[in-house]
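Colleague: Could you take me through one part of this model in detail, keeping to what can be computed from the atoms? I would like to look closely at a single helix and at the packing around that part of the chain.

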Amino acid sequence: MGLMDFLAADALCPDLKSTTRDEALAEFLQRLIECGYLDRKDQKALLASLLERERLGSTAIGKGVAVPHCKGKTVPRIIVTFGRSKEGLEFKALDGEPVHAIFMVVYPAERPPEYLQVMESISRVIQNPDFRRFVANAKDGQEILDIIQEMS
Amino acid sequence: MALQAELVIRNRCGFHVRPIQRFTQLAKAFQSDVKVTIAGKTAPGKSIVHLMSLKGECGRPFSFTVEGPDEKQAFEVLSYLVENSFFVEDELDKAAHPTRHLDRLASFAGAFKSDIRVSVGNSSADAKDRAALEKLGFRFWDKPRIEVSGPDQAQAEKVLKTLLQYRFFVEEEVPDTEAV
């Protein structure tokens with residue numbers, strides 16, 4: 001199974017409205033709830049888990065990309081979403097750069113074996129030297145989806 | 001001459017983002033070149049993105065090589081990290097290891113040739129002396145002063161600064177009564 005099997009294609013956030021990391025994480029969850037991937041009653045707990053994970057160490061992995069992630073007791077399966085921030089978000093990245101591209105991953109409490117495979121797929125996309133430029137210039141969510149599919 | 005470690009990934013969740021970040025943060029403190037190999041695939045040890053592509057599942061052999069002017073120090077620090085499950089504490093009985101932050105400080109300090117002293121208030125101790133650190137008695141959320149002097153000062157300072165920055169990688173919340 002590849003990244004596209006887990007990506008919530010209709011729940012991408014091609015133009016994040018949030019101006020802070022915490023708001024952006026909430027925006028991702030809101031979108032996933034609106035599209036039926038998650039239950040609203042889990043929103044608070046998942047946001048807390050995402051923030052707790054950031055407290056252990058920023059998930060900004062450099063060059064403007066972040067991979068926030070957490071587990072949730074009621075998350076039915078691995079769910080990946082993607083968001084773009086044109087202005088950039090402060091994510092306390094080690095390289096100090098603001099984050100413009102975010103892959104967010106939520107998964108069940110018992111981490112499925114596919115989880116590392118998903119991370120491997122995400123890393124393959126990020127490693128593509130054209131990824132950040134293409135995503136920055138993409139006109140909408142469909143174009144971003146096409147880019148991710150092609151690079152994964 | 002390169003140094004190589006042959007270890008096994010022990011933590012149940014494998015070599016994922018959190019352990020990868022810790023490994024690369026510490027590897028970057030050194031000038032030496034670091035490479036990681038899992039299941040026959042090799043990636044640069046200072047690149048999070050490339051290490052993410054290795055699919056390091058629990059139980060898999062994990063080897064890394066270090067080569068360069070500070071390879072001995074890098075090897076010791078990184079070996080300790082890997083052997084201690086990258087400090088990922090999901091399955092750790094935390095109550096049974098209340099002073100693990102001192103173990104980590106002493107072990108990392110011990111990897112360096114430089115003199116390293118830790119100070120809290122007016123008291124100080126040799127950072128390589130585990131018993132002396134115990135007497136100094138600082139908690140994982142305290143911010144002791146660290147002074148390094150010696151031939152590998154730059155690397156030691158980077159590693160120990162990382163350790164302090166992340167509260168010795170202790171995955172517990174600071175008690176409410178102590179939170180600032």
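Modeller: I will take helix α3 of chain B, bearing in mind that this is a predicted model. The helix covers residues 71–83, 13 residues in total, and its first and last C-alpha atoms are 18 Å apart, close to the 18 Å expected at 1.5 Å a residue. Buried positions in α3(B) are Glu71(B), Gln73(B), Ala74(B), Val77(B), Leu78(B), Ser79(B), Tyr80(B), Leu81(B) and Val82(B). These buried residues pack against the strands β1 (3–8), β2 (33–38) and β4 (61–67), and against the helices α1 (17–27), α4 (100–110) and α6 (153–165), of chain B. Just beyond the end of α3(B), Ser85(B) adopts a positive phi of about 55°.

One of the helix residues, Val82(B), is touched by Phe62(B), whose other contacts, leaving aside residues up to four places away in sequence, include Leu7(B), Phe15(B), Phe23(B), Val36(B), Ile38(B) and Phe86(B). Phe62(B) also belongs to the largest nonpolar core, which has 89 residues, and is listed with Val80(A), Phe103(A), Ile122(A), Phe131(A), Phe23(B) and Phe64(B) as touching the most other members. The largest share of this core, seven residues, is nevertheless supplied by α3(A). A second, separate core of 26 residues includes Leu29(A), Leu32(A), Ile33(A) and Ile79(A). As a general background to such cores, nonpolar side chains in soluble globular proteins tend to be buried together.

Technical notes. Residues numbered from 1 in each chain as written. Chains lettered and ligands numbered in written order. Predicted model: local features only at pLDDT ≥ 70, side-chain atom pairs only at ≥ 80, totals over all residues. Heavy atoms only, no water. Helix = DSSP H or I, 4+ residues; strand = E, 2+ residues; numbered from the N terminus. Expected span 1.5 Å × (residues − 1). Buried < 20%, exposed > 50% of the residue type's maximum accessible area, 1.4 Å probe, protein only. Contact = heavy atoms within 4.5 Å. Core = buried A, V, L, I, M, F, W, Y, C linked by side-chain atoms within 4.5 Å.
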